[in-house]
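Colleague: Could you take me closely through one part of this model, namely the seventh helix and the core around it? I would like a connected account rather than a list.

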Amino acid sequence: MEADGIKNPVAEAFRAIRPNNPLSKLDDSDRKFLWASLMMYAEAATRRRKRDAVLDGLERLSRIVAAAAKAAEKLELEVFRGPFSEQLRTLIVGYEDLPIRFKRLTKELEQALDSTGKPGHKRRTLATGFLIQASEFVRLKTNQPHDGYLVELFQVIEKNSLSKKMCDDTIRKKREYLKKHNPLAYSRALKAARSRCNMPLA
């Protein structure tokens, strides 16, 4: 329901889609979840002039860890196995396992940080996750991959270049890309949709 004089953007969006759109049959709670997912996608996918402290921090950490991984490789090849390893023996004795431990640490850090996207792609991964979450939610609720109808709703919500370029094939390609390049982020998006539908988190 809409309060007196206060517009309800969710209700307005669903009133604007065609009557034969199966999403029009969703209840109010499901409509709000789907609307919020698409709005989060639009926010994350749109480049802002204002810097994002969280994403910037994650990007910086990813670059540091990537540099550390390369340093660990060089440390092993040039110090512990390099041409001067014998001359440096008295200094490096007791630290022989350092490159291995260092590489193990950087690998674990990379796995944790890359779940939010590879360096330089974190915003894209975050945005795609919200879109796949919405797509999967629609599939679970309607028992059909109605990405075309989801696009119609998105184009009602966001009237900009981002929505104009979107089609059902866009969502399919983004789903395939995320599943291949960041399975953890992909799995997280599916779990969010399944959780909303009160389904087992398989």
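Modeller: What follows starts with the chain as a whole and then moves to the helix and its surroundings.

This is a predicted model, and its protein chain holds ten helices and zero strands. The C-alpha atoms fill a box of roughly 80 × 40 × 30 Å along the principal axes, and the radius of gyration is 23 Å, where a compact globule of 202 residues would have a value near 17 Å. Buried residues make up 38% of the 202 residues in the chain, while 68% of the contacts with a separation of 6 or more join residues 24 or more positions apart.

Against that background, α7 is largely enclosed by the rest of the structure, because eight of its eleven residues are buried, that is, under 20% relative accessible area. The buried residues are Asp-147, Leu-150, Val-151, Glu-152, Leu-153, Phe-154, Val-156 and Ile-157, a list that includes the acidic Asp-147 and Glu-152 alongside nonpolar residues such as Leu-150 and Val-151. As for what lies over them, the cover includes α1, α2, α6, α8 (161-164) and α9 (168-181).

In soluble globular proteins, nonpolar side chains tend to be buried together. Here the largest nonpolar core has 29 residues, and those that touch the most other members are Phe-14, Leu-23, Leu-34, Leu-38, Leu-150 and Leu-153. At least two residues of this core come from each of α1 (9-16), α2 (28-45), α6 (122-142) and α7 (147-157), with α6 giving the most, at seven residues. Leu-150 and Leu-153, both among the buried residues of α7, are thus also among the core members that touch the most others.

Phe-14 shows how one such member is placed: leaving aside residues up to four places away in sequence, Phe-14 touches Leu-23, Ser-24, Leu-26, Arg-31, Leu-34 and Leu-153. Of these partners, Leu-153 brings us back to α7. Separate from this core is a second one of six residues, which includes Ile-132, Leu-178, Ala-185 and Leu-190.

Two further details concern the surroundings. Arg-124 lies over the face of Tyr-177, at 4.3 Å from the ring centre. For the cysteines, Cys-167 counts as partly exposed at 32% relative accessibility, whereas Cys-197 counts as buried at 17%, and the count of disulfides comes to zero.

Conventions
Residues are numbered from 1 along each chain as its sequence is written. This is a predicted model: local features need pLDDT of at least 70, side-chain atom pairs count only at pLDDT 80 or more; totals for chains, interfaces and linings use all residues. Side-chain values use heavy atoms; hydrogens and water are left out. A nonpolar core is a set of buried Ala, Val, Leu, Ile, Met, Phe, Trp, Tyr and Cys residues joined through side-chain atoms within 4.5 Å. Buried means under 20% relative accessible area, exposed over 50%, partly exposed in between (1.4 Å probe, protein chains only). Helices (H or I, at least four residues) and strands (E, at least two) are DSSP runs, numbered from the N terminus. Contact means heavy atoms within 4.5 Å. A charge sits over a ring if NZ of Lys or CZ of Arg is within 6 Å of the ring centre and within 35 degrees of the ring normal. A disulfide is a pair of cysteine sulfur atoms within 2.5 Å. The radius of gyration is taken over C-alpha atoms; the globule rule is 2.2 Å times the number of residues to the power 0.38.
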